[in-house]
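Q: Hi! Could you walk me through this one in plain words?

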Amino acid sequence: MTPPPAPRIVGRDPLPTAVAGAWPQGGEPETWLLSVSRYTAAMDAGAPGTILDAEERERASKFLRAEDRERYTAAHLGLRELLGAYLGMAPADVPFTREDCPGCGGPHGRPAVSGTPLHFNMSHAGDLVLFAFAGSPVGVDVEKLQPASVVEQVAESLHPKERAELNALAPADRPAAFARCWTRKEAYLKGLGTGLSRDPAVNYVGTGLSAVPVGPWAMTDIPVDGVIAGSSGYAAAMALLTSLPHA
């Protein structure tokens with residue numbers, strides 16, 4: 001599979017002309033990287049009220065911390081702008097829906113847009129939001145690198161092989177290896193539509209420099225570290241469904 005293009009900075013002005021009428025076909029993904037602080041500074045103050053729907057506005061208003069509210073607002077405005085540009089419609093008119101969860105059948109699976117085969121996913125952490133768009137199901141995750149104490153605690157939820165790989169590393173090398181593993185794992189689970197309701201220890205994605213595919217899902221590490229100002233100390237990954245599993 002051809003690797004995805006390098007992440008690009010989402011800007012308000014070039015965004016519509018950059019992608020209009022050229023959404024990904026045949027499973028080839030496109031990825032976009034957004035800086036929350038830069039996007040918020042350039043944002044029209046009235047945009048949240050005119051572009052986000054009532055549910056999004058209500059959810060944004062419930063965040064107690066301003067930084068969480070800004071991150072959520074920027075992520076959802078950016079997503080609507082990108083989808084609107086890809087699909088040739090106003091950002092406010094993008095008709096979001098949820099697919100059925102493959103685990104329980106409830107209406108909380110992968111996010112989708114009604115009436116289009118365009119697949120998408122997004123993730124945010126710190127000052128970054130990562131988006132992916134493709135012609136087949138896709139999941140992404142971006143995370144800030146965690147201190148060794150957090151890695152040691154959360155690593156217990158990984159696949160046994162992944163835990164063994166981490167334990168074999170020098171302590172200083174574990175945070176980066178854990179971040180590679182965790183972002184691949186979350187991207188895969190988001191691509192499936194289950195999220196962390198599925199045990200992250202079930203599937204092996206690896207902690208090394210080469211991502212390990214899971215069945216028909218290809219894993220790709222996304223090089224976000226240092227791509228834009230303030231993006232150091234992050235890891236990201238994408239999972240893309242490349243073929244339907246055999247019956």
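Here is a short chat about a sheet, some rings and some charged pairs.

A: Happy to! This is a predicted model, where local features need pLDDT of at least 70, side-chain atom pairs count only at pLDDT 80 or more, and totals for chains, interfaces and linings use all residues. Residues are numbered from 1 along each chain as its sequence is written, and side-chain values use heavy atoms, with hydrogens and water left out.

Q: Cool. In what order do the strands of the open sheet of three come?
A: The order is E7-E9-E8, and the pairing is antiparallel. Strands here are DSSP runs of E with at least two residues, helices are runs of H or I with at least four, and both are numbered from the N terminus. Two strands pair if DSSP finds at least two bridges between them.

Q: Which strands are at the edges?
A: Strand E7 (138-144) and strand E8 (217-221), each of which pairs on one side only.

Q: And how many bridges hold E7 and E9 as a pair?
A: Seven bridges, with E9 covering residues 234-241. As an example, Val-140 has Met-238 in E9 as its bridge partner.

Q: Which helix lies across those strands?
A: Helix H8 (residues 174-192) lies across E7, E8 and E9, at about 145° to E7. For such angles, axes are lines fitted to C-alpha atoms, for helices over the stretch in contact (heavy atoms within 4.5 Å), and angles run from 0 to 180 degrees between N-to-C directions.

Q: New topic: how many aromatic pairs are there?
A: Six. Rings of Phe, Tyr and Trp (its six-membered ring) pair if their centres lie within 6.5 Å; planes under 30 degrees apart count as stacked, over 60 as edge-to-face and the rest as tilted. Phe-131 and Phe-133 are a stacked pair, 6.5 Å centre to centre with 20° between the planes.

Q: Is Phe-131 buried or exposed?
A: Buried, at a relative accessible area of 0%. Buried means under 20% relative accessible area, exposed over 50%, and partly exposed in between (1.4 Å probe, protein chains only).

Q: What about salt bridges, how many does the search find?
A: The whole structure has 10, each a side-chain nitrogen of Lys or Arg within 4 Å of a carboxyl oxygen of Asp or Glu. In one of them, Glu-56 meets Arg-80 with the closest N and O atoms 2.9 Å apart. Glu-56 lies in helix H4 (residues 54-61) and Arg-80 in helix H5 (residues 66-87), so this pair ties together parts that are 24 residues apart in sequence.
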